[in-house]
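Let's take a walk through a protein together. Keep the 3D view open and turn it as you read.

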Amino acid sequence: MADGWQWDATLFQGAAPHYERGRLPYAPGYAATLAAALGLDHRSRVLDVGCGPGTVTLALAPHVGEAIGLDPDPGMLAEARRRAELRGVTNVRWVAGRAEDLPGDLGTFQAVVFAQSFHWTDRDRVASAVLRMLPPGGAFVQVGEVKTPQPPVYAAIGELVRRHLGPVRRAGQGVLVNGTPGREDLVLARAGFGPVERIVVPAGEVIDRTADDLVAWTFSRSDSAPHLFGDRLADFEHDLRTLLGAGPYPERLPATEIRLWRSAQHTYTYAHTEEADDAQ
Ligand SMILES: C[S@@+](CC[C@H](N)C(=O)[O-])C[C@H]1O[C@@H](n2cnc3c(N)ncnc32)[C@H](O)[C@@H]1O
């Protein structure tokens, strides 16, 4: 956990309805790339920890026998369920809980995936638990965006959030003085995993983001989730919409970074293309 910060259940409270619209999609084909890298098939089970609205769970479902999404936020799980029903996906299961509850009684998985969620967990404890849930060759997987410079509008939104919520990043009922922790490589090595394999799936398309998209992006984040504004939520949204005007805001979609750590009992030889980037 981040220095002096305590996890609590309000971390993403109210963010779920804004998530699908606000967050940029992962790169096309990333789930197929991951499935091929791990040799997943209809016999495979995958667990998506911190699944949010089920983005990665649902993308992996066609490649496996069963995909389970785990998340502590009831709004996120309701959204995941809604999206699965809408798409007619039946080989998924949604479980309420925290990564710290693992292994629980969920069984073993060919892949345990964290997409922009591992940094919210008690990482050493969770990495050790995940290692025990993997068969030989199974993988601890992280999915995220390759960091690229953001269009200037994001800095302006950040400034407005700080004007309303104060200068230090908020997270649930606490504050993150030093941001969220990095260097997963060290955490996973301590837990007994082998070296990292990094795969970058390119995206690159430029899309026009509307003001509504950027409002949704703002409310989808833990540091500007709706609950943080209390009874000043409408004032904040008014100021945000004034700042954004009509838009649109063109933005290049980021590439998706997949990092795999296979369980050390089954170490492979890796072709590294670049050093792993641990910034989150
Ligand atoms: C940034 S969202 C990522 C959602 C999704 N994985 C994606 O890539 O779109 C982080 C998610 O992690 C969940 N989360 C936060 N702390 C967690 C914990 N300790 N254990 C499991 N999930 C957690 C949050 O509820 C939230 O849904």
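Which kinds of residue make up the shell around the ligand? Sorted by class, that shell has 11 nonpolar, 6 polar and 4 charged residues. Bear in mind as you look that this is a predicted model. There are 21 residues around the ligand, and the ones that come nearest are Y26, G50, D71, A99 and A115.

Now zoom in on some individual atoms. Y26 puts a polar side-chain atom 2.5 Å from an oxygen atom of the ligand. W7 also has a polar side-chain atom pointed out here, this one 2.9 Å from a nitrogen atom of the ligand. With A99, look at the backbone instead: a polar backbone atom of A99 is 2.8 Å from a nitrogen atom of the ligand. So how much of the ligand does the protein bury? Taken alone, the ligand exposes 600 Å², and the protein buries 97% of that.

A115, one of those nearest residues, is a handy bridge to our next stop, strand β4, which covers residues 111–115. Are the residues of β4 buried or exposed? The strand is mostly covered, with 5 of its 5 residues buried. You can check this face by face: A111, V113 and A115 are buried on one side, and V112 and F114 are buried on the other.

Next, look at the strands β4 pairs with. Strand β1 (residues 45–49) runs parallel to β4, and 4 bridges join the two. To find the spot on screen, look for V46 in β1, whose bridge partner in β4 is A111. β4 is also joined to strand β5 (residues 139–145), again in parallel, by 5 bridges. Here you can use two pairs as landmarks: V112 has F140 in β5 as its bridge partner, and F114 stands opposite Q142 in β5. How does the chain get from β4 to β5? It crosses through helix α5 (residues 123–131), and this β-α-β crossover is right-handed.

Let's stay with β5 for a moment. This strand is mostly covered too, with 6 of its 7 residues buried. β5 also pairs with strand β11 (residues 256–263), in the antiparallel sense, over 7 bridges. Q142 turns up again here, since its bridge partner in β11 is R259.

From β11 you can step across to strand β8 (residues 193–201). β8 and β11 run antiparallel and are joined by 7 bridges, and one pair to look for is V196 standing opposite W261 in β11. β8 itself is mostly covered: 7 of its 9 residues are buried.

While you're at β11, find R262, which lies in this strand. Why does R262 count as buried? Its relative accessible area is 7%, and buried means under 20%, so R262 falls in that class. What does its side chain contact? The side chain of R262 makes a polar contact with the side chain of E197, at 2.9 Å.

To finish, let's hunt for some oddities in the backbone. Most peptide bonds are trans, and most residues other than glycine have a negative phi. Now look at the peptide bond from L102 to P103: it is cis, with omega near 10°. P103 is found in the loop between β3 (92–96) and β4. Another cis peptide bond joins G247 and P248, where omega is about 0°. P248 has its place in the loop between α9 (233–244) and β10 (249–252).

Phi has its surprises as well. Q116 is not a glycine, yet its phi is positive, near 55°. You'll find Q116 in the loop between β4 and α5. Its relative accessibility is 24%, so Q116 counts as partly exposed. R183 isn't a glycine either, and its phi is also positive, about 55°. R183 is in the loop between β7 (174–176) and α7 (184–191). With a relative accessibility of 45%, R183 counts as partly exposed.

Key: Residues numbered from 1 in each chain as written. Predicted model: local features only at pLDDT ≥ 70, side-chain atom pairs only at ≥ 80, totals over all residues. Heavy atoms only, no water. Near = heavy atom within 4 Å. Polar contact = N/O pair within 3.5 Å; in protein donor to acceptor, adjacent residues only side chain to side chain. Areas by Shrake-Rupley, 256 points an atom, 1.4 Å probe, with all protein chains shown as cover. Nonpolar A, V, L, I, M, F, W, Y, C, P; charged D, E, K, R; others polar. Buried < 20%, exposed > 50% of the residue type's maximum accessible area, 1.4 Å probe, protein only. Pairing = 2+ DSSP bridges. Right-handed = clockwise from strand over helix to strand, strands pointing away.
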